[in-house]
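Work through these exercises with the structure open beside you. Try each task before reading its solution.

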Amino acid sequence: MTINEFQEKLLAEAMDAGFTESEVYYQRSESLQLMIFEGEIDSYETSENGGIGLRGLYNGKMGYAYTEKIEQASIRFLIDSAKANADVLDEDDGTDIFEGSEKYAGHDFYSEELANVPIPEKIELIKLIEKKTLAYDPRIITLDYCVLQDYSEDRVIANNKGLSLKEKMNGLVIYISVVVKEGEEMKTGTYVKMTRDFGALDADTIAKEVAEEALSNLGEQSIPTKKYPVIMRYDASASLLATFTPIFSAENTQKDQSLLKGKVGEKIAANVFTLLDDPFHPDAMAGSNFDGEGVASEKRIIISNGTLETLLHNRKTAKKDGVETTGHAHKSSYKSTLTVAPMNMYIAAGTKSKEDLIASLEEGVLITGLSGLHSGASTISGDFSVAATGFHIKNGKIVSAVKQMTIAGNFFDYMKDIKETGSDLEFMPGGYGSPSLLVKELSVTVD
Amino acid sequence: MIKHSIIENVLEAALSTGGDFSEVFIEDKYVNTMELQSGKIEKSISGRDFGIGIRIFSGLQCIYTYTTDFSEAGLINAAKRAALAIKGGGNGTIHPIQKEIIQPIHTIAQMPRTVEHARKVAVMRKANDIAKNYDERIKQVGLRYIDEEQNVLIANSEGKFVEDTRVYSRLSIQATASDGIEMQTGFYGPGAHAGFEFIENLDLNHYAGEAARIAVTMLEADECPSGKFPVIIDNEFGGVIFHEACGHGLEATAVAKNNSVFANRIGERVAPDIVTYIDDGTLPNEWGSLNVDDEGEKTRKNILIEDGILKGYLIDKFNARRMNAEATGSSRRQSYRFNPTSRMTNTYIAPGKSTPEEIIASTEHGIYAKYMGGGQVNPATGDYNFAVAEAYLVKDGKIDRPVRGATLIGNGANTLQLVDMVGNNLAHGAGMCGSISGSLPVNVGQPMLRISEITVGGTKGE
């Protein structure tokens, strides 16, 4: 059975089986992943797969089910499972199937040019990156990861209210991790880049960047444990923002899981802090013309000069709060129910370069990486206490790498404590972007 | 799931360009997830994951492909396309596949798919009520129930043919406490490689009560001081420290390429002689247990560190080639979407002789970490970090005030050397472990341990 036949049959049979409204969500993706080790292809992975999710209103409640096995018998499985799941819900979750927006932006997230790059060219590039990185400095002992991955994806939303949306996207990711050693000291440095422009990837530049990143971490020194002014480099800042995104979700304020409940219109951050979500930002990769329930996406200001302008909504949360949806219904795949999440959320850039920010500090710490965010940060309390890598700044200059450290603070205070935003806005693969930020102070504990 | 003749044809197509080993992994999995928030069942979703992974080795090259197309032509095409990545060499031969009958160690009494939703919901409501009624400051309770029935078929060109069914059941409880200004959470997530009997027999008063108690306790906690302290880590999920600090560094994924501080050190002393570290996939019905690993090898008890001496690694079939060693039944993957590699199952520190009372009484000034959160490690350097979910100060051999925001950082190889007391109360805790072959159920375990010094990061300063 083709997917189109399956889809049509599923919608028709769902309506016959007692659903009053129904929708299918289909995704199909292809990917290639190459891992290089010592000049050879260590692993070569390809895939093509897909699945389909059904959601439907049954006795006024929204039931969900999905399958990756596209065969006749799955239609029954989906309908019976979605019904049983609807039955067990406590109440109508306030949502219905959407008939569609008036207009969609029609932005293109697919590059034919990238799709046409032959595999041998990709192999050559990633091998060259390994070679150039290894040759960059004798202290580079190995690359523990040297990976190129590309992917493409088709998605379809179709429902009984006449909505039928399609989108195609692709992208390529390079991920490199380098191990450097000097004496007994061992450090790593990583590089990650996501792009649709294969031609812009230059092996020399990438090798230099990852090598310098790793080498700069050598020569670590301990510094006293205390509160320091902190510069969060763009990538560390973006990862912290990504971790705390759930606080901006109306779904979470409605469940008393976010301290931003009732704060729309209030000042919650420093004047220099402006937060946006732009599904069409040219430097970001995670955009889309429509959200998980088919609402046309658009650029939104979340925080404007410190004032919370809106929370992120899908149609259900918007209805509950008596506002319009912001187009942030999120369906991470056909396996998921709808939640709320941004597409390309980023902190607006300021005017000063990272170097200017460093030069402005008498003493402080530049943070270049955070780890343990999944466990050391609570989106409910806002507290975070996580491991970090970075550098000690004195008299406006970087003096040394800092031994393993932790930084601790509270994200709600942190937003208020931002003194300056840099000009170096960058997007990370997950769709989060930030410039480097100068923050009043954080607790820094050093090994 | 699929005819033997088709499997043999796919294995053969995979070797058509000269690969020396081929394997087929077929997965058919049923999943049910339910969520309860604010006393209401808000989410319930069921699904079926189905796909086929084909793996080919050619010397030290590994090709992996997966697809959801289960037609014979589709599979043969996928195998042939993958084989194109191999350039000549090899002399792959196919041995006729022979079904191996697995005697399951992990018996399942009630297949979750046969249990109606209402019974699952009843348990969730009961757990919700216990947590909610624990204290008036408990404002919110979130529960997540999940069951999975994963049917796998693994066959390879060496003639292996194994089928297995893995059943997982888990109930996670998160309680949020608030005093009107601040919010704190507590979490407990018991899980097992077992059927619904595990969920129905859970001591909900204990698990839901503890989640609520942690949230309320943390609301009353002071900020954690920073600095270097002796740290007592309680049993059960406390074992996550050694999962991060040395478990990952003992996986062949890191060892085979010398990207681990433990590489090439078999026979060396890596810990005091009170430390024995074991990975055991055979513990009956434990969350990280398996009858066979994802290459079809029987799981076993692997002693990694014995009385402080490094004895072995966790090795999968592919890395075994680079290491010139035998696989240890440790190859795992989240699903057909992942190329398998060496991973932990149920990893734990063996019990010692000290009683928990002795350990606390002999600590003058330090931190007692009662419940751990998760953590992370850089296997190349061994630098780890993790969060403490519930911590206390220890003063003059007694447990003092609760403190919050404690993060432990250090280096695995060093921390291992600093274990100076090992308790006699071994217990296991369930967690999810994320790494290159996906997110997997693992148990971490230990008795209460004391480490003479760990760097503790907190907000309070020294």
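The exercises below treat helix packing, backbone angles and burial in a predicted model.

**Exercise 1. Classify the packing of helix H4 (residues 119-136) and helix H5 (residues 203-216) of chain A.**

Step 1. Take the geometry. The two helices pack at an angle of about 45 degrees, and their axes are 8 Å apart.

Step 2. Apply the cut-offs. Angles under 35 degrees count as roughly parallel, and 65 to 115 as roughly perpendicular. H4(A) is therefore oblique to H5(A).

Step 3. Add the hand. H4(A) and H5(A) cross in a right-handed sense.

Step 4. List the contact. H4(A) contributes A:Leu125, A:Leu128, A:Ile129, A:Lys132, A:Thr133 and A:Tyr136. Their partners in H5(A) include A:Ala203, A:Ile206, A:Ala207, A:Val210, A:Ala211 and A:Leu215. A:Asp204, A:Lys208 and A:Glu212 of H5(A) also take part.

Step 5. Sort by class. The contact of H4(A) with H5(A) holds 10 nonpolar, one polar and four charged residues.

**Exercise 2. Check the length of H5(A), then find its buried residues and what covers them.**

Step 1. Work out the expected span. H5(A) has 14 residues, and at 1.5 Å a residue these should span 20 Å.

Step 2. Compare with the model. The end C-alpha atoms of H5(A) are 20 Å apart, so the span agrees.

Step 3. Pick out the buried positions. In H5(A) these are A:Ala203, A:Ile206, A:Ala207, A:Val210, A:Ala211, A:Glu213, A:Ala214 and A:Leu215.

Step 4. Identify the cover. Among the elements over these buried residues are H4, strand E4 (140-159) and strand E5 (164-182) of chain A. Strand E6 (185-195) and strand E14 (363-371) of chain A are also included.

**Exercise 3. Place A:Tyr191 and relate it to H5(A).**

Step 1. Locate the residue. A:Tyr191 lies in strand E6 of chain A.

Step 2. Judge its burial. The relative accessibility of A:Tyr191 is 10%, so it counts as buried.

Step 3. Read its contacts. Beyond its neighbours within four places in sequence, A:Tyr191 touches A:Ile174, A:Tyr175, A:Ile176, A:Ile206, A:Glu209 and A:Val210. A:Ile206 and A:Val210 are among the buried residues of H5(A).

Step 4. Set a distance. A:Tyr191 and A:Thr2 are 189 residues apart along the chain, and their C-alpha atoms are separated by 41 Å.

**Exercise 4. Describe how helix H1 (residues 3-16) and helix H2 (residues 72-88) of chain A cross.**

Step 1. Take the geometry. The axes of H1(A) and H2(A) come within 10 Å and cross at roughly 40 degrees.

Step 2. Name the arrangement. H1(A) and H2(A) are therefore oblique to each other. Their crossing is right-handed.

Step 3. List the contact. A:Phe6, A:Lys9, A:Leu10, A:Glu13 and A:Ala14 of H1(A) meet A:Gln72, A:Ser74, A:Ile75, A:Arg76, A:Leu78 and A:Ile79 of H2(A).

Step 4. Sort by class. The contact of H1(A) with H2(A) has six nonpolar, two polar and three charged residues.

**Exercise 5. Examine the positive phi values of B:Asn285 and B:Asp396.**

Step 1. Read the angles. Phi of B:Asn285 is near 60 degrees, and this residue is not glycine. B:Asp396, also not a glycine, has a phi of about 50 degrees.

Step 2. Locate them. B:Asn285 is in the loop between strand E11 (277-280) and strand E12 (301-306) of chain B. B:Asp396 is in the loop between strand E18 (383-395) and strand E19 (398-404) of chain B.

Step 3. Judge exposure. B:Asn285 has a relative accessible area of 22%, so it is partly exposed. B:Asp396 reaches 62%, so it counts as exposed.

**Exercise 6. Describe the surroundings of B:Leu153 and B:Thr341.**

Step 1. Start with B:Leu153. This residue is in strand E5 (residues 138-156) of chain B. Its relative accessibility is 1%, so it counts as buried.

Step 2. List its contacts. Sequence neighbours up to four places away aside, B:Leu153 touches B:Met1, B:Ile7, B:Val24, B:Phe25, B:Ile26, B:Phe161, B:Val162 and B:Glu163.

Step 3. Turn to B:Thr341. This residue lies in strand E15 (residues 341-342) of chain B. With a relative accessible area of 7%, B:Thr341 is buried.

Step 4. List its contacts. Again leaving out residues up to four places away, the partners of B:Thr341 include B:Thr253, B:Asp316, B:Asn319 and B:Arg332.

Key
Residues are numbered from 1 along each chain as its sequence is written. Chains are lettered from A and ligands numbered from 1 in the order in which they are written. This is a predicted model: local features need pLDDT of at least 70, side-chain atom pairs count only at pLDDT 80 or more; totals for chains, interfaces and linings use all residues. Side-chain values use heavy atoms; hydrogens and water are left out. Axes are lines fitted to C-alpha atoms, for helices over the stretch in contact, and angles run from 0 to 180 degrees between N-to-C directions. Helices (H or I, at least four residues) and strands (E, at least two) are DSSP runs, numbered from the N terminus. Angles under 35 degrees count as roughly parallel, over 145 as roughly antiparallel, 65 to 115 as roughly perpendicular and the rest as oblique. A crossing is left-handed if the near helix is turned anticlockwise from the far one by less than a right angle, and right-handed if clockwise. Contact means heavy atoms within 4.5 Å. Ala, Val, Leu, Ile, Met, Phe, Trp, Tyr, Cys and Pro count as nonpolar, Asp, Glu, Lys and Arg as charged, and the others, Gly among them, as polar. The expected span of a helix is 1.5 Å times one less than its number of residues. Buried means under 20% relative accessible area, exposed over 50%, partly exposed in between (1.4 Å probe, protein chains only).
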